Every structure is written in structure tokens, then in C-alpha cells.
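Subject: Structure for you to look at

Hi,

Here is the structure I promised to pass on. Please open it and keep it beside this email as you read.

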Amino acid sequence: YEKDIISISQVNYCVDSLDENEAEIRFMWELDIPGEMLKKDNYVVISAKCGNSDIEVREKVYFKLGKAVVKVHNPKVWWPYGYGEANVYDAVISVESDGIIVSEKRFNLGIKTVHLERTDITDGINGRFEFIINGVRIICKGANWVQLDAYHSRDITRYDKALDLLKDVGANIVRCWGGNVYEQDCFYDFCDKNGIMVWQDFAMGCATYPQNREFLEKMRVETEFIVKKLRKHTSLALWAGDNECDAASEW
């Protein structure tokens with residue numbers, strides 16, 4: 001650590017309970033903080049605003065890890081497109097040390113619950129595979145999403161047009177296909193604010209992958225990194241392992 005430097009290494013939240021009158025949100029964070037800085041008067045402050053709804057959290061720092069639970073009365077709830085407003089709170093987490101803000105991060109905060117109702121086996125008629133958002137069954141309308149350019153660094157020049165098309169067709173879900181790449185933050189920000197759920201495959205598709213410790217360790221590192229990077233996004237509805245890798249073993 002650099003001496004006298006505090007930074008926010010990660011922040012996450014989850015909605016523990018939700019009804020029309022109240023939501024309970026659990027915030028969790030991790031700081032990079034030198035041991036000697038713990039002797040100072042440090043606080044983690046989280047504030048979020050959506051319309052006339054405000055969230056405020058202020059917690060004393062005793063360790064590098066921390067959490068706080070807050071109740072939000074009359075919350076502005078996030079809904080998929082076609083079912084209500086895609087309400088997103090503009091949120092910021094900051095660290096105050098002796099009254100001075102020394103680090104902060106901004107993120108989108110959406111209040112919603114997600115449940116996937118599914119049976120293990122279906123014959124196409126009797127099985128169930130349904131997204132339940134805030135207790136409501138959702139008719140999913142969307143598409144697969146693939147990389148926009150053979151050179152991923154150029155994707156950002158095509159995002160605006162492609163995302164406008166996604167909104168134009170009235171999509172409320174998009175599946176980031178396993179043969180894809182992990183998209184940039186502006187993609188998920190757009191989905192957050194436009195009520196588009198994201199079904200996120202891990203980046204494995206249509207192939208048989210090594211079943212050895214070396215590869216499994218690479219996947220563990222990749223998975224941990226990408227989950228921490230994306231999990232705050234309101235739009236994220238489902239993590240899926242891969243695309244047709246079981247089927248590939250038959251090919």
C-alpha cells in the first residue's frame with residue numbers, strides 16, 4: 001500500500017426484501033487501507049437518489065471490509081421495459097478520513113428482486129422457465145448479443161446504433177452469448193437505464209474445454225474478476241455457464 005492512501009477496491013449491494021412500501025438493501029464494500037490509517041476517524045458514506053427518493057448510509061470504518069443494511073420507504077422500483085419505469089438511483093460511495101473525502105466511486109443502483117422459476121426437465125409443454133421480477137411473471141422479448149466488430153477495441157464506435165436498435169424493437173432482455181466477449185460498462189449502463197435485463201454467459205461457446213487444473217484455475221480467476229466487475233449492474237438478471245459446451249462433446 002502507498003502510505004496514507006485509502007481507496008475503494010469494490011462495492012456491492014443486494015435487495016434482501018421488497019414490497020410496495022419498503023425495501024431492505026444490504027451494502028458491502030472492501031477498502032484498500034494501510035493499517036496505520038485505521039487509527040484515523042474514517043467513515044464510509046453511501047448516498048443515492050432517484051426522483052424524490054433518497055438513500056443515506058454512514059458507517060465508521062474499523063476494518064477493510066464492511067457492510068450496512070438500510071430500509072428504504074416507498075422505494076423507486078426497477079422494472080423491465082413494458083412493466084414499469086426502469087428506475088435507477090444515482091449512487092456514490094465515498095470514504096471520509098478526518099472529515100476529508102479521500103476516495104469515491106459512482107454506480108447505478110436499482111431496487112428489484114429476480115427469481116428464475118424452472119423445472120429440471122421439460123417436454124416443451126409441461127415445463128417452466130420463467131423470470132419473476134419483483135414478484136411478477138415477465139414475458140421476455142429480446143435477442144442474442146454478439147461482438148459488434150472483429151476488433152473488440154472498435155465495438156464502442158458501434159454501440160450507439162446497435163443499442164438504439166435493441167430499444168427500438170422493444171426488447172426487455174438481451175443474452176450475452178457465450179461465444180461473445182465481456183461488454184464494456186456503457187453497454188450495461190444502457191441496459192440499466194432502459195429496462196433491459198441481461199442474461200450473461202461466461203465466455204465459453206460451442207467447444208470442448210480442457211478439464212485440467214491449469215485451465216480450471218484460469219476460469220476461476222476470470223470468473224471472480226468478471227463477477228466483481230459486473231454484479232452491481234441493475235440489469236444483470238442471470239449468470240449462465242456457457243453456450244452448447246455439453247452438446248459440443250457429442251460433435
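Start with helix 3. Arg-213, Glu-214 and Phe-225 are exposed, and they sit on the face of helix 3 turned away from its buried side. Keep in mind that this is a predicted model.

Now turn to the buried side. Phe-215, Met-219, Ile-226 and Leu-230 are the buried residues to find in helix 3. They cover an arc of only 45° around the axis, so they lie on the same side of helix 3. What covers them? Helix 2 (185-193), strand 13 (197-201) and strand 14 (236-240) are among the elements that cover the buried residues of helix 3.

The length of helix 3 checks out too. It has 18 residues (213-230), and at 1.5 Å a residue they should span 26 Å. The end C-alpha atoms are 26 Å apart, which agrees.

Next, the sheet. It is open, has 3 strands in the order 1-2-5, and pairs them antiparallel. Strand 1 (7-18) and strand 5 (65-73) stand at the edges. Each has a single partner strand, so one side of each is left without a neighbour in the sheet. From one strand to the next, the twist averages 20°. Strands 1 and 2 are joined by 10 bridges. One bridge pairs Ser-7 with Asp-32 in strand 2.

Last, look at Glu-30 in strand 2 (residues 22-32). Is Glu-30 buried or exposed? Its relative accessibility is 18%, so Glu-30 counts as buried. Its side chain makes a polar contact of 2.6 Å with the side chain of Gln-10. Glu-30 also touches other residues, including Ser-7, Lys-64 and Leu-65.

Best wishes

Terms used
Residues are numbered from 1 along each chain as its sequence is written. This is a predicted model: local features need pLDDT of at least 70, side-chain atom pairs count only at pLDDT 80 or more; totals for chains, interfaces and linings use all residues. Side-chain values use heavy atoms; hydrogens and water are left out. Helices (H or I, at least four residues) and strands (E, at least two) are DSSP runs, numbered from the N terminus. Buried means under 20% relative accessible area, exposed over 50%, partly exposed in between (1.4 Å probe, protein chains only). A polar contact is a pair of N or O atoms within 3.5 Å; within protein, one must be able to donate a hydrogen and the other to accept it, and residues adjacent in sequence count only if both atoms are side-chain atoms. Contact means heavy atoms within 4.5 Å. The expected span of a helix is 1.5 Å times one less than its number of residues. The arc is that of the directions from the helix axis to the C-beta atoms. Two strands pair if DSSP finds at least two bridges between them. Axes are lines fitted to C-alpha atoms, for helices over the stretch in contact, and angles run from 0 to 180 degrees between N-to-C directions. Lists of a residue's contacts leave out its neighbours within four places in sequence.
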